[in-house]
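The following note is offered to a colleague beginning to read protein structures. Please keep the sequence and the structure in view while working through the numbered points.

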Amino acid sequence: MRDRISHIPDELLLHILSSKSLQTKDVVATSVLSKRWRSLWHSIPKLEFLDQRFDRYESFLQFVDATLNLVDPKSVKMFVLKCERIEEYYEVSLGKVDSWLNTVLKSKLEYLNLWFPNGYYFLIRVPLPSTIFKCRSIRILKLARVNVSDLSDVNLPSLKTLHLTNVEFPNPESLALLLSKCVRLEELLLLGLEFPDDEVTTLNIGKLHNLVIAFVPVELFPMEAISNVTFLCLHKHNVFGDYEFPAFYNLSHLEIYLGQNGWTSMFSCLPSFPKLETLIIRESGKGLDWLMETSPDVPPCISSHLKTFVLLGFSYSQSEFEIVRFIMMKATVLRSVIIWTGNYSSHEAERLNLLETLSSYPKCSQDCSIFVDVPSGSLYQNVYCKLVSHKDFSY
Amino acid sequence: MSSSVEAITVLSSDGDEFKITVSAAKLSKPLNWMLEDVCFSDDCDEVPTIEVNSKTLVKVIEYCEKHAPRANSGASDSDAEELKKWDIEFMKMDVKDILFHILMAANYLHMEGLYDLACQTAADLMKGMTVSQIRKIFHIKNDFSSEEQEQLRRQHPGCSFD
């Protein structure tokens with residue numbers, strides 16, 4: 001039979017090799033298929049190194065070295081490094097990470113994702129070379145458990161997505177400096193920022209005009225700076241009553257932890273989000289202060305914009321039942337009420353029982369459907385995916 | 001073009017005629033350009049040829065017709081979910097024989113969705129396979145001498161080539 005693949009141009013084969021289901025280890029292995037394939041992968045745009053795919057951490061280090069030796073740095077656009085076992089050879093790894101980064105940063109890198117563990121025997125915060133923050137081509141930058149010290153010369157004119165998880169900065173000013181230089185930033189996720197000096201003050205930054213998606217600690221951010229977003233996700237410990245929310249005219253998606261907030265204070269903030277369409281509340285079981293009798297005025301966003309109402313961590317409290325009843329009664333364009341009990345072992349009968357109770361409530365929107373513990377990957381996921389998918393990297 | 005035209009006729013590279021609705025043809029940029037061309041006005045009999053063989057073109061048109069309603073109007077989440085399932089099934093059918101023809105056709109017709117789907121399917125066929133299994137699936141002939149193969153192995157420590 002004919003060689004099915006021989007008439008395919010290199011460019012198309014490289015696209016196949018860059019697919020998300022193949023890792024660099026699989027890609028490099030294709031060099032022994034035939035002479036044609038031998039150096040084909042050298043022009044691969046995507047490099048993804050995950051140490052858990054290797055039996056020994058040492059062979060992983062050798063593999064990355066050897067691969068970066070052969071690959072054409074000009075073609076590399078995406079670099080992903082995940083070292084779960086970095087502790088095994090910490091000092092050696094630090095040197096390697098530094099030299100690997102210096103190799104790939106010579107290319108027109110567009111996507112950089114570095115992931116390190118928290119450390120079992122000691123706290124891991126991998127120091128990064130400052131060249132990362134001078135890479136003019138980078139569009140997406142995701143860093144976890146690294147240390148950023150030298151931010152004297154930031155130049156990231158293409159950066160659109162920035163995710164920082166447990167990143168250590170010398171001081172809040174350096175973070176503010178970094179953000180102020182990311183003029184095209186559209187998506188910002190900040191989780192567990194660390195400053196050696198514990199005193200945390202509000203960052204001194206101007207409005208991030210292009211920001212669309214924000215997952216940030218509210219105490220660090222002047223609300224005005226992020227008020228252009230359409231998607232806002234607040235941290236667990238953020239307490240509503242402590243903040244003045246300016247009007248978020250573009251905001252359609254709000255995700256919060258009810259936690260200590262309580263229903264009443266949450267409701268009092270809602271008028272700041274006049275175009276709210278999706279409201280997602282985590283730890284809904286913790287809010288105990290809701291009573292129908294004292295229900296506040298219906299914010300206009302609830303009565304005329306809210307389409308999706310999600311409660312995650314539903315715990316069958318009286319307040320939760322009352323809030324669902326209230327929303328269903330007042331929201332005129334509501335399409336879905338999504339409830340997650342998080343209790344995966346619960347009996348189907350229990351689930352149906354809850355569904356039946358909620359379905360018996362009077363609905364002001366006839367299009368409204370109720371979902372209780374729907375399989376993962378469906379509805380709620382879709383809402384989020386729709387928002388972020390167009391920003392995903394295409395390799 | 002005339003607004004009365006709802007479907008157009010095209011020829012495959014084998015010379016067979018195929019009908020494709022206008023809304024489905026819009027999924028492909030080159031086909032869309034053809035639509036605006038004079039040859040689809042009512043008084044023209046010329047049938048344009050698409051450089052794709054009949055077996056492949058049937059599949060490409062099937063894909064276009066299925067995806068056209070969503071592409072043209074935008075659809076709900078449940079439709080998107082359903083379409084994703086349909087895509088998986090579409091690629092499952094004895095398409096393995098013509099997968100690379102579909103890939104080439106999608107590239108030639110500038111159909112991003114089908115192109116990505118075909119690339120993804122090819123990559124999934126390779127995933128988790130040994131080198132000899134991949135050779136078998138794609139009928140790749142091993143033209144290395146054993147010395148060359150040994151040399152390659154030394155170049156890539158930590159990588160399994162079996």
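1. The structure under review is a predicted model. A suitable place to begin is chain A, where strand β2 (residues 78-82), helix α5 (residues 90-104) and strand β3 (residues 111-115) make a right-handed β-α-β unit.

2. Within this unit, β2(A) and β3(A) pair in the parallel sense, and five bridges link them. One of the bridge partnerships joins Lys82(A) to Trp115(A) of β3(A).

3. Strand β3(A) also pairs with strand β5 (residues 140-144) of chain A, again in the parallel sense and over five bridges. Here Trp115(A) has Ala144(A) of β5(A) as its bridge partner. Trp115(A) is thus to be found in two partnerships, one with Lys82(A) and one with Ala144(A).

4. Is strand β3(A) largely enclosed or not enclosed by the rest of the structure? Four of its five residues are buried, so β3(A) is largely enclosed by the rest of the structure. As background to reading such a strand, side chains in a regular strand alternate between the two faces of the sheet.

5. The helix of the β-α-β unit should be considered next. Two packed helices are described by the angle between their axes and the distance between the axes. For helix α4 (residues 57-70) of chain A and α5(A), the axes come within 11 Å and cross at roughly 20°. Angles under 35 degrees count as roughly parallel, and α4(A) and α5(A) are therefore roughly parallel to each other. The crossing in which α4(A) passes α5(A) is left-handed.

6. Which residues of the two helices meet? On the side of α4(A) they are Tyr57(A), Leu61(A), Val64(A), Asp65(A) and Leu68(A). Their counterparts in α5(A) are Val92(A), Ser93(A), Lys96(A), Trp100(A), Thr103(A) and Val104(A).

7. Attention now turns to chain B, which has eight helices and two strands. Its pattern along the sequence is β-β-α-α-α-α-α-α-α-α. Of the 162 residues in chain B, 42% are buried. Where contacts in chain B link residues at least 6 apart in sequence, 58% of them join residues at least 24 apart.

8. A single residue of chain B merits a closing remark. Pro48(B) is located in the loop between α2 (29-36) and α3 (54-73) of chain B. Its relative accessible area is 12%; buried means under 20%, so Pro48(B) is buried. Cys64(B) is 16 residues apart from Pro48(B) along the chain, and their C-alpha atoms are separated by 18 Å.

Technical notes:
Residues are numbered from 1 along each chain as its sequence is written. Chains are lettered from A and ligands numbered from 1 in the order in which they are written. This is a predicted model: local features need pLDDT of at least 70, side-chain atom pairs count only at pLDDT 80 or more; totals for chains, interfaces and linings use all residues. Side-chain values use heavy atoms; hydrogens and water are left out. Buried means under 20% relative accessible area, exposed over 50%, partly exposed in between (1.4 Å probe, protein chains only). Two strands pair if DSSP finds at least two bridges between them. A crossover is right-handed if, with the strands pointing away from the viewer, the path from the first strand over the helix to the second runs clockwise. Axes are lines fitted to C-alpha atoms, for helices over the stretch in contact, and angles run from 0 to 180 degrees between N-to-C directions. Angles under 35 degrees count as roughly parallel, over 145 as roughly antiparallel, 65 to 115 as roughly perpendicular and the rest as oblique. A crossing is left-handed if the near helix is turned anticlockwise from the far one by less than a right angle, and right-handed if clockwise. Contact means heavy atoms within 4.5 Å.
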